Amino acid sequence: MVMISDCGFDKYPEEIREVLCEIFLIDTVIEGCQSQELRRRILQQDRSLAEIESLGVTLEGIDHQVRGFNRKSEQTDFGQQVLRIGNEPTPLQKKFRSNPTGFRAKFTGKDGYACYNCGRRDHISTSETCPAKGKVCHACKRVGHFESNCRSRKRKLPSLTKTVRAVERSGHEPEVREPESSKTYYTFHSGNETNVVPCEVGGIQLDLLVDSGSDVNLVPDNVWENLKQARIVVQHCVKGSSKVLKGYANDTPLPILGTFVADVKVGHKTVRAEFFVIRGGQRSILGDKTAKQLGILQVGLQINSIAPQAEPFPKIKDVQVHIHTDPEVKPVFQPVRRIPIPLEAAVDKKLNQLLATDIIEVKHGPATWVSPLVVVGKSNGEPRICLDLRRVNKAVLRERHPMPVVDEYLAHLGKGRIWSKLDIKDAFLQVELAPESRDVTTFITNKGLFRFKRLPFGLVCAPELFQKVMDQILAGCAGTCWYLDDVMVEGKDLQEHDERLNEVLRRFRDR
């Protein structure tokens, strides 16, 4: 910046001065940077000063990893240099190496060398008194010497095999590993700033980079100093650490100044996490474990899945039935019936489903009739929710709508050749109750009071009311008979059958 102040940019307006300063700094970086790769990247594409700075940090991290790879490849599998060393040969070994045959001669002093044929020291090999004269050697089968002094036998050389020892390089300090921790934690930052999340660490706002590849949470030493000045609230703080932190593809441990434990808050969620303070760190990193605990990082197939929204159960349009009760019958409030513990979760799920599909609703205000809930198991294992309406049925006034009999159906059916049978799913629940008639269906559970908005099963007048609705819908349909939720359609041929069936379906669609 001192050099920029001497360039005379002060005479330009502020916007022009900022542009000129940035151009000057970029030119300075291009000319003076030591990285050829960074210079090539800058010249290939126009970049802002901030982009060049980020690119330089990324390339510096990559170069750091490459140097780690190179150092690793230069070492052996044990991380130490293995040298081959041996003892210095003795003078006797040197003499043997220079003349192995002559080395057999033994100096005796007075008589010179000992006899080559028998080995005695009182004569020489040419003496007539040598006991080996005329004797046959058992080794080479020659005459004139003993086997023990045979010069043609293959002698084993003294063992001069060198010993291999593992030694450390002179002046190299062995790596000290603390025994308290056997696991190595890895972390890495390449200049990526796209996954930065604003967090609150110990009551202080701090931007943390979410790194799913980092096992721990990191803060540089300068950031730690700023946090201390801002009076960060920590639960625990320790100088140094027994753990070993390494960057990816780098065997050099990161210098850990200490650790602290603080509460990390993101949105409405707070977790307690441990942070490592690194000397000369580049970025504050939020590790994999803490990011998952805060809900920032999620892994699984359920991430992209959207739960289907429950739609209201279909109902017959423009139809509301009324339930009339005898005013002289006193309403009864029955107590709750306990549900077996293994069925509680399934019953709660079923109640939530009925609420979501607009079949029942929560009862508000004073209650008159209250019936207990009865749970009956289905053949598929699911619970069937029923009401014990016996006390209510004593007060219900029936409409006495005529119900069809079997003889009438047999008289009408049998003339056709093609038949179809329709079954209405949960037929009674498709008939809506008038609001003033819903209190008689109130029932009690462990979760409170609910009441039906549709015609419930078990009500004494329910079959008559539903048959009346079916008579209104299907009246006048030729070749069609119905009893409650079962509908039969017949025709003498396929064309007639299809015409009648389509008419029945049309009437249901219109309702």
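This dialogue reads selected features of a predicted model.

Reader: Which strands form the open sheet of five strands, and in what order?

Author: The order is E14-E21-E20-E15-E16, and the pairing is mixed. Strand E14 (360-362) and E16 are the edge strands, each pairing on one side only. From one strand to the next, the twist averages 40 degrees.

Reader: How many bridges join E20 to E21?

Author: Three bridges join these strands, which run antiparallel. As an example of the register, Ile-444 has Leu-449 in E21 as its bridge partner.

Reader: Which strands of the sheet does H8 touch?

Author: H8 packs on the sheet and touches E14, strand E15 (371-377), E16, E20 and E21. The direction of the helix makes about 70 degrees with that of E16.

Reader: How should one read a nonpolar core, and which residues have the most contacts inside the largest one?

Author: The general idea is that, in soluble globular proteins, nonpolar side chains tend to be buried together. In this model the largest nonpolar core has 49 residues, and those with the most contacts inside it are Val-321, Ile-360, Phe-443, Leu-455, Leu-459, Phe-466 and Leu-474. At least two residues each are supplied by helix H8 (341-356), strand E16 (383-387), E21, H11, strand E22 (480-483), strand E23 (486-491) and helix H12 (494-510). H11 gives the most to this core, with seven residues. Apart from this core lies another, of 23 residues, including Val-201, Leu-206, Phe-260 and Val-277.

Reader: Is Phe-443 buried or exposed?

Author: Phe-443 has a relative accessible area of 1%, and therefore counts as buried. Beyond four places in sequence, the residues that Phe-443 touches include Leu-351, Ile-360, Val-370, Leu-373, Leu-387 and Phe-450.

Reader: How is an aromatic pair to be read, and how many does a search of the whole structure find?

Author: One considers the distance between ring centres together with the angle between ring planes, where planes under 30 degrees apart count as stacked. The search of the whole structure finds six aromatic pairs. In one of them, the rings of Phe-428 and Phe-457 have centres 5.0 Å apart and planes at 20 degrees, so this pair is stacked. Phe-428 lies in the loop between strand E18 (418-423) and E19, whereas Phe-457 lies in the loop between strand E21 (448-452) and helix H11 (462-474); the pair therefore ties together parts that are 29 residues apart in sequence. Phe-428, at 11% relative accessibility, counts as buried, while Phe-457, at 45%, counts as partly exposed. Another stacked pair is formed by Phe-443 and Phe-450, at 5.9 Å centre to centre with 25 degrees between the planes. Phe-450 is buried, with a relative accessible area of 7%. Elsewhere, Trp-224, Phe-260 and Phe-275 form one aromatic cluster.

Reader: Where does Thr-442 lie, and what does its side chain reach?

Author: Thr-442 lies in the loop between strand E19 (432-433) and strand E20 (443-445). Its relative accessibility is 0%, so Thr-442 counts as buried. The side chain of Thr-442 reaches the backbone oxygen of Asp-439 at 2.8 Å. Apart from residues up to four places away in sequence, Thr-442 touches Lys-363, Trp-369, Val-370, Ser-371, Leu-449, Phe-450 and Arg-451.

Reader: Which side chains along strand E4 are buried?

Author: A strand can be read by asking to which face each side chain points. Along strand E4 (residues 196-201) the side chains alternate: Val-197, Cys-199 and Val-201 point to one face and are buried, while Val-196, Pro-198 and Glu-200 point to the other and are not.

Reader: What are the pairing partners of E4?

Author: E4 pairs with strand E5 (residues 204-210) in the antiparallel sense over six bridges, with Glu-200 opposite Gln-205 in E5. The hairpin of E4 and E5 has two residues between the strands, and Gly-202 takes a positive phi near 60 degrees there. E4 is also joined to strand E9 (residues 256-266) by two bridges, again antiparallel; Val-201 has Val-264 in E9 as its bridge partner.

Reader: How far apart are Phe-146 and Cys-118 in sequence and in space?

Author: They are 28 residues apart in sequence and 5.8 Å apart in space, C-alpha to C-alpha. Phe-146 has its place in the loop between helix H5 (91-98) and strand E2 (164-166). At 29% relative accessibility, Phe-146 counts as partly exposed. The residues that Phe-146 touches beyond four places in sequence are Asn-117, Cys-118, Pro-131, Ala-132, Lys-135 and Cys-137.

Definitions and conventions: Residues are numbered from 1 along each chain as its sequence is written. This is a predicted model: local features need pLDDT of at least 70, side-chain atom pairs count only at pLDDT 80 or more; totals for chains, interfaces and linings use all residues. Side-chain values use heavy atoms; hydrogens and water are left out. Helices (H or I, at least four residues) and strands (E, at least two) are DSSP runs, numbered from the N terminus. Buried means under 20% relative accessible area, exposed over 50%, partly exposed in between (1.4 Å probe, protein chains only). A polar contact is a pair of N or O atoms within 3.5 Å; within protein, one must be able to donate a hydrogen and the other to accept it, and residues adjacent in sequence count only if both atoms are side-chain atoms. Contact means heavy atoms within 4.5 Å. Rings of Phe, Tyr and Trp (its six-membered ring) pair if their centres lie within 6.5 Å; planes under 30 degrees apart count as stacked, over 60 as edge-to-face and the rest as tilted. A nonpolar core is a set of buried Ala, Val, Leu, Ile, Met, Phe, Trp, Tyr and Cys residues joined through side-chain atoms within 4.5 Å. Two strands pair if DSSP finds at least two bridges between them. Axes are lines fitted to C-alpha atoms, for helices over the stretch in contact, and angles run from 0 to 180 degrees between N-to-C directions.
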